[in-house]
Amino acid sequence: MAGVLFEDIFDVKDVDPNGKKFDRVSRLFCESESFKMDLILDVNTMIYPVVLRDKFRLLLATTLQEDGAPDDGSYTASLEGTRADTFEYVMYGRIYRIEGDDFGDSNAILSAYISYGGLLMRLKRCSK
């Protein structure tokens with residue numbers, strides 16, 4: 001699939017372990033099934049309710065277009081035939097930081113930080 005950076009199924013291991021900070025948002029702590037990556041994800045639970053032990057599919061892509069064509073930077077709800085059609089919850093944001101011990105080492109810890117509409121996500125790959 002053109003434009004896809006990452007895709008996996010995640011298991012919700014914990015929800016708001018430090019208490020709920022906002023009425024409509026929960027912080028999920030998850031682990032991926034295939035790559036054993038850790039995910040911390042803020043979700044608007046009024047729109048997409050998530051509870052402990054739920055599973056969900058996460059897809060990171062550079063565009064909503066299935067053919068990988070770049071987006072124009074704006075979203076119109078009337079768009080049809082996009083990747084968004086196959087998901088119940090879609091977020092648009094920016095990777096604002098990537099951290100790693102040694103980018104050339106396949107066993108290094110690597111973390112990507114993403115911000116979308118004031119909510120945050122951290123995807124972390126730990127050494128094997």
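Arg-83 lies in the loop between strand E4 (55-61) and strand E5 (94-100). This is a predicted model. Arg-83 is buried, at 3% relative accessible area. Its side chain comes to 2.7 Å from the backbone oxygen of Thr-63. Arg-83 is also one of the contacts of Ala-61, a residue of strand E4.

**Arg-83 and its surroundings**
- Arg-83 has a relative accessible area of 3%, so this loop residue counts as buried under the 20% cut-off.
- The partner of the Arg-83 side chain is a backbone atom, the oxygen of Thr-63, at 2.7 Å.
- That distance is within the 3.5 Å limit for a polar contact between N or O atoms.

**Ala-61 in strand E4**
- Ala-61 belongs to strand E4.
- Ala-61 is partly exposed, because its relative accessible area of 32% falls between the 20% and 50% cut-offs.
- Beyond its neighbours within four places in sequence, Ala-61 is in contact with Gly-3, Val-4, Leu-5 and Arg-83.
- Val-4 is 57 residues away from Ala-61 along the chain, yet their C-alpha atoms are 4.2 Å apart.

**Ile-40 in strand E3**
- Ile-40 sits in strand E3, which covers residues 38-44.
- Ile-40 has a relative accessible area of 17%, under the 20% cut-off, and therefore counts as buried.
- With neighbours within four places in sequence set aside, the contacts of Ile-40 are Arg-27, Leu-28, Phe-29, Leu-120, Met-121 and Arg-122.
- The C-alpha atoms of Ile-40 and Arg-122 are 5.1 Å apart, although 82 residues separate the two along the chain.

**Positive phi at Asp-16**
- Asp-16 is not a glycine, but its phi is positive, at about 50°.
- Asp-16 is placed in the loop between strand E1 (4-15) and strand E2 (25-32).
- Asp-16 is buried, because its relative accessibility of 16% is under 20%.

**Positive phi at Arg-53**
- Arg-53, likewise a residue other than glycine, has a positive phi near 75°.
- The loop between E3 and E4 holds Arg-53.
- Arg-53 has a relative accessible area of 67%, over the 50% cut-off, so Arg-53 is exposed.

Conventions
Residues numbered from 1 in each chain as written. Predicted model: local features only at pLDDT ≥ 70, side-chain atom pairs only at ≥ 80, totals over all residues. Heavy atoms only, no water. Helix = DSSP H or I, 4+ residues; strand = E, 2+ residues; numbered from the N terminus. Buried < 20%, exposed > 50% of the residue type's maximum accessible area, 1.4 Å probe, protein only. Polar contact = N/O pair within 3.5 Å; in protein donor to acceptor, adjacent residues only side chain to side chain. Contact = heavy atoms within 4.5 Å.
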